[in-house]
Amino acid sequence: MKSTTLIPLVLVAAFLHGPAFAEEATLEPASAPVDPDPAVRGALALPDVFPINMGFKSLTSKPDAPNHGFDTLANAGRYAVHHGNAAKMNEIKKAFPDVMTISMNPLEAERSNHVDKAATGNVWPGFWLYRAGSRLTGAVDQSTTQIPVEDASRFTTRDYALVCSLDAKGRPEFLASAANGAEGTYEIVNVTGVDPKKNTLTVVRGQTGTTAKSFASGQSAALPFREAWHQDNKMTLIRANYSLVAPRHPKSGDNAAEFWARARGAAVRDGLNDGTEQDVVNCLAGDWADVDLDFVPDGGFIDGINTWSLGWQEHVAMVRGIIGPHRILQHDCTTATKGYRGWKNVNGIQMETFGKGEDFSENFDLLSQWVKYTEAQPAFSYGYCRARTTTYGGVQPDHDWMFRKQFAVGLMLGMPHPYGSGPNFGLFDWDEQRGGELDDYAWLGRALGPYERDFGGLGTKDLLAGGKWKVAIADGFAATHRGKPSDPEGIEIKIAQVAPLLQGQDPVYRGVMLQWNSDALDLQRGAEYTLVFEARASDTITFDGKTYEQMPAFMRVGDFKGTVHRFNLIVPGEWRTYRMSYVVPKDKGNARFDASFQLAEEAQRTFHLRNIRLYTGTADRLKREFENGLVLLNESQVEPWTVDLGPGEYRRLQGTIRPDINDGSTVSGTVTVPSRDAVYLLKPRSGDAPEEHASAGR
Ligand SMILES: [Ca+2]
Ligand SMILES: [Ca+2]
């Protein structure tokens, strides 16, 4: 899975530096939420001068990394924001109290080895259960190493699994009977072999401090833990069940979302740092999830509602209650349909591997929505450039455009944009961060307005004009619709029922969709197009009598026959214009426009869509003017962008990292921004204006 490949570096740090959280994760209720006294901790704010320089995993680069000499505490003081290992963040915070520090918390990774009983401490195993298990089909005594189950394909070698008796309702008996610290009637085994034909598991008995027990056929089951991480082919980190219907501890009454909220909230509240980033968050429970433990995989969906996503809403509300309003609570959200969503308590998202390919329009829209809609202030979202470049990573030919482009994204939205080169995290020196020879980390000064989008790259003819769309509803789904996309209020599609999620099925790409239903429209291979449309969707969900607000809907847009890239989007409650630019592949699909809007993730959602258009060219040409400079970002994958600068003379930075680009030359009349690149220009400075910014920024 894509996300798995992104996890390692984050977790490796947890292993290297030990648990970020020490003793907070107890089963006792945390003390009452503190009243955040503004005199003690005032409201946080991002600098209002740019750029907002940020370090990612600061102070961690290795001695042989090209940035090691730069990745020092002294240089950390020149950055406005840092993210990383809690111990390193503490170091920075102590030295530079005004610098914003955000500690990383990779889910349950603060306990570096959950399958080691000594490390799990008193974490109740009921919190971990959510992967579909299987009932035993034969009796097991204390020495059996071949456990017969109904469906061995639900297990993988290296799983740790919990074997337990079932109660009269067919639920794991220990869930109701275990007391804090008591082992209950379960045993943890290590699965070393899976035979899906004979439906047997080869196991090592009595693991993680449990002892081998006897289990009756049919009235017992084996439930695998869900791996969050493994090392040396051994499961080392387990994911917890974040669903609203997850097991509750018989003594404390907490479910996993609440248990971890207390632990994390207390750690942030009692820590030095300005906030925390929750790593590896996923609003979908994923394959083989069985959140209600009825042995039927459900993907986290109960009665058509994503109870996993709602569990996260409860979690963040509780964390916010504990940490108060003046801390940053940020969540991982690399892609819209998998990452965290909900705008009530989270300041923003961290998008790892932001916009490396055709995801730019999608990613930029998600980032923009978070900056705009989050209710927790300050908004704090950024795309994170984790890519080897030419300067840091030795990639040839020139790949430094990745940094320039991504850094410009942060500038467009008034957010930071950190950089890390592959495994070499830490601080990196770039001309664009400090204005080259100006050595001013706030060299651009204040923004003179929001970013502007240049539509000059778009064709003027709507290639979909007069076309028709149809609503398609698959078996097991129910939906009603009225109106047409060409109506002023668009088409309304109301989802009434969604089919149970089948194993291996994509929860978004199924069920109800709005499909192109007109004559063939042949596109040009290798050419760039932009799909433009407006959408809104109901953003409240009710489950078990409780209403959850500000929960944008999922939507997937694209041509599912391979011509058009698929865009994973979230849809707010108000009309929003989406502009998705993409290149028709040169050698796959049929180059025929055949787009659809996939809508049926959850019951209770009502979508509205209108004004669906298609133009040639890109809409991703962005510019923003600052007091001291101009930043131009061209995300077109095929066309350079020539920009009329008007009267006046600009100058390129005079840099040392890329002196070939930042050559100090004068620019006037027009400037050309190469495709997928950004240009940073300095306005002529006069008088003493720069001094003011040098003191205001970092
Ligand atoms: Ca992360
Ligand atoms: Ca189930």
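**Exercise 1. One helix, two sides**

Which residues of helix H4 (residues 86-95) are buried, and which exposed residues sit on the face turned away from them?

*Solution.* Start with the buried ones: in H4 they are Ala-86, Lys-88, Met-89, Ile-92 and Lys-93. They span an arc of only 155° around the axis, so they lie on the same side of H4. (That arc is taken from the directions that run from the helix axis to the C-beta atoms.) A residue is buried with 20 or more other C-beta atoms within 10 Å of its own, exposed with 12 or fewer, and partly exposed in between, with C-beta atoms placed from the backbone.

Next, look at the other face: Ala-87, Lys-94 and Ala-95 are exposed there. Finally, see what the buried residues of H4 pack against: helix H3 (73-76), strand S2 (81-84) and strand S3 (100-105). Helices (H or I, at least four residues) and strands (E, at least two) are DSSP runs, numbered from the N terminus.

A quick note before you go on: residues are numbered from 1 along each chain as its sequence is written, while chains are lettered from A and ligands numbered from 1 in the order in which they are written. This is a predicted model, so local features need pLDDT of at least 70 and side-chain atom pairs count only at pLDDT 80 or more, whereas totals for chains, interfaces and linings use all residues.

**Exercise 2. How far can you trust it?**

Where does pLDDT stay under 50?

*Solution.* pLDDT is the predictor's confidence in each residue, from 0 to 100. Begin with the whole chain: the average is 86, and 88% of the residues score at least 70. Now the weak spots. Residues 1-39 stay under 50, and the model gives them 64 contacts beyond four places in sequence. Residues 687-698 are also below 50, with 19 contacts beyond near neighbours in sequence. A contact here means two C-beta atoms, placed from the backbone, within 7 Å. Where pLDDT is low, the predicted coordinates should not be read in detail.

**Exercise 3. Into the core**

Which helix gives the most residues to the largest nonpolar core?

*Solution.* Get the overall picture: the chain has 698 residues, and 53% of them are buried. A nonpolar core is a set of buried Ala, Val, Leu, Ile, Met, Phe, Trp, Tyr and Cys residues joined through C-beta atoms within 7 Å. The largest one here has 188 residues, and Ala-161, Leu-201, Ala-222, Met-555 and Leu-599 have the most contacts inside it. The helix you want is H7 (residues 256-270), which gives 9 residues to this core.

Zoom in on Ala-222: leaving aside neighbours within four places in sequence, its contacts include Ala-161, Val-163 and Leu-201.

**Exercise 4. Order the strands**

In what order do the 5 strands of the open sheet come, and which of them stand at the edges?

*Solution.* The order is S21-S22-S31-S24-S29, and the pairing is antiparallel. Strands S21 (478-482) and S29 (576-583) are at the edges: each has a single partner strand, so one side of each has no neighbour in the sheet. On average, neighbouring strands are turned by 25° against each other, direction ignored. Two strands count as paired if DSSP finds at least two bridges between them.

Check one pair: S21 and S22 (residues 491-497) run antiparallel and are joined by 5 bridges. Across it, Thr-480 has Lys-494 in S22 as bridge partner.

**Exercise 5. A strand with two partners to find**

How many bridges join S32 to strand S33 (residues 629-634), and how many to strand S19 (residues 452-453)?

*Solution.* S32 (residues 621-625) has 4 of its 5 residues buried. With S33, count 5 bridges, antiparallel; Arg-621 is bridged to Asn-634 there. A hairpin of 3 residues connects S32 to S33. With S19, count 2 bridges, again antiparallel, where Arg-453 faces Leu-622.

**Exercise 6. Odd backbone spots**

Which residue forms a cis peptide bond with Phe-50, and what is the phi of Phe-295?

*Solution.* Most residues other than glycine have a negative phi, and most peptide bonds are trans. The bond from Phe-50 to Pro-51 is cis, with omega near -5°. Another cis bond joins Gln-396 and Pro-397, with omega about -5°; Pro-397 lies in the loop between strand S17 (382-386) and helix H10 (401-413).

Phe-295 has a positive phi of about 70° although it is not a glycine. Phe-295 is partly exposed, with 18 other C-beta atoms within 10 Å. Asp-303 also has a positive phi, about 50°, and counts as partly exposed with 13 C-beta neighbours inside 10 Å.

Methods: Axes fitted to C-alpha atoms, helices over the stretch in contact; angles between N-to-C directions.
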